[in-house]
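Work through the two exercises below with the structure open. Try each task before reading its solution.

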Amino acid sequence: MALFVGLIVVWQLAVSLLNIREYLLPSPMAVLRAFIEPETQWWPHLWVTTLEIIGAFVLAGGVGVALGVAIAWSPRLASALVPFLVLVNTLPKVAVAPLFLLWLGYGIVPNMLIGALIGFFPVVINTAVGLSQVDPEMLDLGRVFSAPKWKIFAKIRLPNALPYILSALKITATSAVVGAIVGEFVASQKGLGYVIITTQSSMNTPLAFGALVWVSIVGLALYGAVVAIARWAAPWAEATQ
Amino acid sequence: MALFVGLIVVWQLAVSLLNIREYLLPSPMAVLRAFIEPETQWWPHLWVTTLEIIGAFVLAGGVGVALGVAIAWSPRLASALVPFLVLVNTLPKVAVAPLFLLWLGYGIVPNMLIGALIGFFPVVINTAVGLSQVDPEMLDLGRVFSAPKWKIFAKIRLPNALPYILSALKITATSAVVGAIVGEFVASQKGLGYVIITTQSSMNTPLAFGALVWVSIVGLALYGAVVAIARWAAPWAEATQ
Amino acid sequence: MTYAADSGPVEALSGIDLKVGRGEFVSLVGPSGCGKSTLLRIIAGLRPATRGSVRVAGRPVTRPIADVGMVFQAPILLKWRSILDNVLLPAELAGKDAGRYRDRAQHLLQTVGLGEFAAKLPRELSGGMQQRASLCRALLLDPPLLLMDEPFGALDAMTRDEMNLELLRIWGETGNAARKTVLFVTHSISEAVFLSDRIVVMTPRPGRIAAVRTVDLPRPRTVEVRASAAFGQLSLEIFRTLTGS
Amino acid sequence: MTYAADSGPVEALSGIDLKVGRGEFVSLVGPSGCGKSTLLRIIAGLRPATRGSVRVAGRPVTRPIADVGMVFQAPILLKWRSILDNVLLPAELAGKDAGRYRDRAQHLLQTVGLGEFAAKLPRELSGGMQQRASLCRALLLDPPLLLMDEPFGALDAMTRDEMNLELLRIWGETGNAARKTVLFVTHSISEAVFLSDRIVVMTPRPGRIAAVRTVDLPRPRTVEVRASAAFGQLSLEIFRTLTGS
Amino acid sequence: QPLEKFTFALNWFAVGDHAAYWVALEKGYYKAKGLDVVLENSKGSGDSIAKVDSGRADAGLADAAVVIASIARGTTIKDVGMVFDKTPLNFFSAKSAPITKPKDLEGKTAAAPPGDSQRQIFPAFAKLHGIDASKVSWVNVEPAAKIAALAEKRVDTVGDYNTGLPLYEKAMGAGNVVMLSWADFGFDMYSMSIMASDKTMKERGKALKAFLEASYMGWRDVMADPKAALAILKKRVPEVDLSVIEPNMMIGLSLMKTERYAKNGIGWIDEKKMCDSVDLVNTYMGLPKKVDCKATFTTEFFTKVDMPAAR
Ligand SMILES: Nc1ncnc2c1ncn2[C@@H]1O[C@H](COP(=O)(O)OP(=O)(O)OP(=O)(O)O)[C@@H](O)[C@H]1O
Ligand SMILES: Nc1ncnc2c1ncn2[C@@H]1O[C@H](COP(=O)(O)OP(=O)(O)OP(=O)(O)O)[C@@H](O)[C@H]1O
Ligand SMILES: Cc1ncc(C[n+]2csc(CCO)c2C)c(N)n1
Ligand SMILES: [Mg+2]
Ligand SMILES: [Mg+2]
């Protein structure tokens with residue numbers, strides 16, 4: 001908290017003292033003014049973006065865990081899937097924007113998908129690694145009770161991997177935010193990303209930063225929610241934060 | 001491998017059968033032609049981008065581990081740093097990259113920084129979580145031998161967190177690639193991102209895809225290197241892939 | 001059985017030839033590191049034997065066998081499950097309705113003195129308590145074959161004696177139900193003598209069978225049996241075989 | 001000492017009042033779950049006592065104390081280090097030059113029969129071997145105070161007897177070096193009698209001190225001492241105190 | 001005598017609009033005037049303006065509307081030369097659903113990156129033709145996705161410079177693209193221009209003037225021999241696809257071959273047209289303050305370079 005206030009003070013001072021132009025980096029005061037300016041209708045944008053973020057997060061989490069399980073399940077599946085996933089993940093999403101537009105069109109759902117595409121990879125990798133980080137004795141335990149492989153996955157490997165998965169979900173929470181915004185950059189009619197890109201290109205930077213403040217608030221809220229859920233879902237995996 | 005070949009066949013068929021226009025998604029054949037076309041001087045671009053990617057990766061890894069350690073070190077530091085880092089990470093880099101480049105100038109180093117900024121977060125979170133996922137008995141072990149806190153970190157917590165850190169480095173390897181390219185999209189005179197954006201603006205899509213192929217190759221190579229190093233650095237943490 | 005490792009192979013077992021009858025209680029004693037745990041794992045089908053073969057109930061063992069209860073040397077409790085849920089794990093893993101086993105699990109915990117601890121997490125239990133919980137887990141499905149790797153190693157003498165009697169009851173010493181087959185690793189010679197029909201004495205690594213002794217003490221075994229001269233004599237003999245003196 | 005837990009508090013120890021002299025060898029015996037491990041942890045400064053206080057070498061214990069060698073109930077070896085490096089850990093943690101301790105570590109491993117296993121990883125060792133390695137670790141820095149939680153629980157009788165003698169030698173039974181102070185948890189009454197100056201018998205949870213017995217058997221303790229009538233008598237008495245019979 | 005370094009921020013990645021600067025570079029026009037010119041790509045006018053205003057570049061290319069708006073937001077730059085004399089502002093649509101007159105736009109969905117002038121100035125265009133601006137629904141698209149948006153019929157129309165026609169035709173087929181050029185409908189406003197910072201104007205006026213003259217000489221050569229210019233562009237930026245960049249450049253040239261340029265020279269800024277443009281921006285772009293026309297441009301650094309006779 002103190003750090004935050006300090007940061008804002010430094011920001012304000014830097015802007016004042018270094019005489020930085022407002023269109024480049026507006027002062028916190030200017031951002032605040034733009035932020036609370038009643039003329040701006042934040043709610044519709046906030047609503048759309050929040051929906052996209054949550055959708056992206058849920059999709060990335062679900063698909064990521066499924067792919068991580070698939071990879072940990074069979075080395076053959078892994079050697080087939082991993083290079084493909086790495087490839088998909090190294091592809092700069094903005095560069096394939098025309099393809100998105102072609103296949104998905106624009107709107108909330110396509111932006112969810114773009115967000116998910118940007119955020120799913122950490123979940124895949126952490127899930128796969130987490131599933132492999134199991135004490136061999138625990139696997140023996142499962143095998144000796146003649147559990148089928150999938151049951152060992154479900155009852156031993158998966159809960160054991162939960163700290164990994166939860167860690168990845170924290171990462172993905174923030175990626176989903178970036179992803180939804182990037183999706184809106186690619187094509188959109190509403191949303192905070194739409195506001196950012198629109199205001200930025202008319203050099204109304206204070207308003208763009210106002211939208212960025214909203215983005216941060218949504219991001220922090222989602223992150224906080226994931227941390228809280230993680231603590232509730234896996235109290236034994238006491239994390240420090 | 002088989003999947004790859006299959007994928008390329010599907011791609012070729014899709015392009016032929018669905019009659020997808022070349023400017024949107026060129027056929028593998030067209031990409032190959034553009035790729036091997038002797039006129040294109042790949043090496044300088046490849047070299048610049050590879051440097052940026054490696055720099056971004058090393059930076060993200062180093063800074064990420066340091067921040068992760070800081071967060072796990074003290075709950076006070078964590079509660080000050082985490083929201084700030086989440087904020088930095090939810091900020092869409094494309095939106096602030098121009099600002100960034102304005103301060104740092106253009107060239108290889110700023111693009112490394114953008115890449116690192118895009119890729120550092122998974123390392124922070126996984127390191128912090130990994131450091132906290134230590135068996136309390138192991139901590140007792142350290143404390144009973146009157147080790148100072150930093151030694152317990154260095155000799156017990158950190159090696160114990162290695163599977164987490166290595167998992168994050170795999171993720172970051174791919175993010176560094178995207179990051180370097182995004183940096184080049186914003187400003188560059190060379191590099192694969194430069195090729196992509198330049199060719200795209202003259203609708204030379206096959207060549208853009210040729211550059212994307214290089215991006216994937218670099219991405220896969222870096223990912224493979226990280227996996228290999230992980231296996232060598234932590235053979236006890238036998239991962240499945 | 002030879003373990004391959006980066007640091008060079010370790011021959012753990014060599015030339016083991018042993019036949020255990022249905023319903024028999026056989027103990028394995030031998031020096032630390034002679035391959036007792038390895039042998040139990042091979043029998044359970046958890047590790048492949050480098051040479052030779054194992055048959056259980058007439059079928060060659062090539063993968064983990066069914067209907068076996070195993071107590072590992074370490075408790076290996078799942079830290080995210082309560083003690084009760086840990087004990088119920090075999091039912092869940094075998095695809096049985098865990099709900100139907102709750103009472104039995106609770107009862108087993110009661111028997112080993114952990115009735116009040118059913119809802120606790122493993123890390124809230126002492127070493128000996130964890131070991132007892134893992135014993136309950138092995139017994140949950142009432143398996144006809146028990147492989148037990150020092151199940152009472154972490155218990156005090158008194159609790160251990162109680163557990164021994166309880167084990168004999170469960171095995172089927174009294175009553176006319178079919179007896180279980182038990183392979184029991186222990187470091188306590190008197191425990192081995194007290195419980196077993198036969199005792200297998202092993203040599204140091206690589207483990208071979210030094211001797212197989214039949215324990216012809218009367219059953220049911222009681223405190224009196226333990227105090228008998230025959231008991232002392234047998235114990236001494238086993239000790240001598242073990243120490244090679 | 002009361003453990004707070006989600007599932008309700010557990011009173012582990014109650015009204016413990018015990019003074020151990022410098023150079024004394026004191027054993028703790030008591031039923032499983034009575035708080036022996038908890039007591040050692042409190043003395044080491046690893047857990048705060050809910051009530052009361054502990055003093056070691058005259059100073060009140062408020063945080064982990066220095067110059068103590070601890071053998072935990074579980075081996076707790078770092079799985080990424082070779083056995084040798086695990087044994088060398090205390091030197092590294094205490095900021096000493098580990099290189100200078102290599103020979104000593106290797107020698108200690110030799111003493112416990114693990115000379116050939118120095119380069120192996122913990123998971124390549126049997127349960128008893130891991131326990132011996134953790135003993136070497138506790139001894140590496142030659143600490144004046146040893147807190148040992150069932151250090152020989154996973155060993156066979158013969159190895160255990162050897163280890164007992166070795167421990168007495170290290171403790172300083174023979175020679176005129178200053179004796180170490182040892183607090184030794186065991187489930188074996190005869191082990192306690194064989195090793196100790198005094199034996200503390202504890203009651204079931206919450207652990208209280210039921211009795212403190214002085215062992216006035218002659219030192220050095222030998223096989224003959226173990227065979228003596230006084231030894232048997234004392235063991236029986238302790239057993240009776242323990243079982244409350 | 002050492003060359004003086006001069007950084008010029010282009011407004012985009014290599015396209016035909018930039019041919020002249022590469023030609024001037026290749027032919028040594030800059031060097032002859034003692035300049036060591038570096039051409040830098042940017043991602044749109046806002047980006048190039050930021051570079052110039054912050055001193056990262058000495059001068060640059062930007063859309064005049066964005067230049068004017070930026071002055072209202074505190075930049076200290078001015079237009080010092082014009083590139084396109086006729087406005088390139090335009091709507092593209094598909095032949096199958098053509099938009100041939102402004103009224104057709106009502107009820108349609110239009111895509112454009114928000115920074116593009118078509119988007120920003122549209123209310124003025126709508127007002128001029130009495131159409132209801134609120135009946136046009138705008139979609140923000142990434143510049144790279146503009147063409148796909150129209151070609152794949154995700155939108156009815158795309159606002160884009162008419163110089164982009166060949167790119168759209170490449171995607172949609174020659175003859176399948178319909179243009180609605182604002183210039184053809186009585187809308188006249190400056191667009192692509194050269195701007196410089198106060199700092200450059202004050203401290204390096206001579207260099208700026210020299211740069212502009214050399215650049216206009218570049219344009220002159222492009223007009224005189226487009227094929228040679230394209231060859232140079234291809235040599236300097238091998239990634240471009242000449243089959244589309246050639247017609248792209250030719251349309252650009254057609255926006256420059258005007259009476260005004262013929263009379264005053266390439267790059268001339270007409271005060272009336274500039275002030276009209278400022279009025280439009282002041283009226284329609286929701287700026288925090290009105291901009292004075294005088295503050296937006298200067299012809300102080302202009303050197304007349306004659307345009308080759310139209311062939
Ligand atoms: N996973 C492994 N990899 C390599 N070697 C192993 C492995 N497990 C056991 N060994 C070796 O095999 C031998 C027998 O081990 P095992 O655990 O079967 O002994 P044990 O008789 O159970 O000993 P203890 O009584 O100490 O538990 C030992 O020398 C040990 O080092
Ligand atoms: N971390 C913990 N949280 C809650 N309760 C605990 C914890 N550790 C131990 N206890 C409880 O404290 C009591 C004493 O445990 P402790 O481990 O000291 O017993 P012990 O005498 O060492 O037993 P054993 O001989 O079985 O090792 C037990 O009832 C146990 O359930
Ligand atoms: C062929 C061609 N393609 C894209 C652009 C990019 N673009 C379209 S409008 C504009 C100015 C907006 O700030 C820019 C940079 C161009 N100029 N020419
Ligand atoms: Mg064993
Ligand atoms: Mg204990």
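**Exercise 1.** Determine how strand 4 and strand 10 of chain E pair, then place the pair in its sheet.

*Solution.* The model is predicted.

Step 1. Take strand 4 of chain E and strand 10 (residues 192-197) of chain E. They pair in the antiparallel sense, over five bridges.

Step 2. Pick out one position. Gly81(E) faces Ile194(E) of strand 10.

Step 3. Widen the view. The open sheet in chain E has five strands in the order 2-1-3-10-4, and its pairing is mixed. Strand 2 (35-40) and strand 4 (77-82) of chain E are the edges, each pairing on one side only. On average, neighbouring strands are turned by 30° against each other, direction ignored.

Step 4. Add the helices. Helix 1 (residues 19-26) of chain E lies across strand 1 (4-9), strand 2, strand 3 (59-63) and strand 10, and runs at about 145° to strand 2. Helix 3 (residues 45-53) of chain E packs on the sheet too, touching strands 1, 2, 3, 4 and 10; it makes about 150° with strand 3.

**Exercise 2.** Which chains does ligand 2 lie between, and what surrounds it?

*Solution.*

Step 1. Locate the site. Ligand 2 sits between chains C and D.

Step 2. List the polar contacts, with a cut-off of 3.5 Å. Ligand oxygen atoms lie 2.6 Å from a side-chain N or O atom of Ser126(C), 2.7 Å from a polar backbone atom of Gly128(C) and 3.3 Å from a side-chain N or O atom of His187(D).

Step 3. Check burial. Alone, ligand 2 exposes 640 Å², and the protein buries 91% of that.

Step 4. Sort the shell. Its 22 residues divide into seven nonpolar, ten polar and five charged.

Methods. Residues are numbered from 1 along each chain as its sequence is written. Chains are lettered from A and ligands numbered from 1 in the order in which they are written. This is a predicted model: local features need pLDDT of at least 70, side-chain atom pairs count only at pLDDT 80 or more; totals for chains, interfaces and linings use all residues. Side-chain values use heavy atoms; hydrogens and water are left out. A residue is near a molecule or strand if one of its heavy atoms lies within 4 Å of it. A polar contact is a pair of N or O atoms within 3.5 Å; within protein, one must be able to donate a hydrogen and the other to accept it, and residues adjacent in sequence count only if both atoms are side-chain atoms. Accessible areas come from the Shrake-Rupley method with a 1.4 Å probe; for residues, only the protein chains shown count as cover. Ala, Val, Leu, Ile, Met, Phe, Trp, Tyr, Cys and Pro count as nonpolar, Asp, Glu, Lys and Arg as charged, and the others, Gly among them, as polar. Two strands pair if DSSP finds at least two bridges between them. Helices (H or I, at least four residues) and strands (E, at least two) are DSSP runs, numbered from the N terminus. Axes are lines fitted to C-alpha atoms, for helices over the stretch in contact, and angles run from 0 to 180 degrees between N-to-C directions. Contact means heavy atoms within 4.5 Å.
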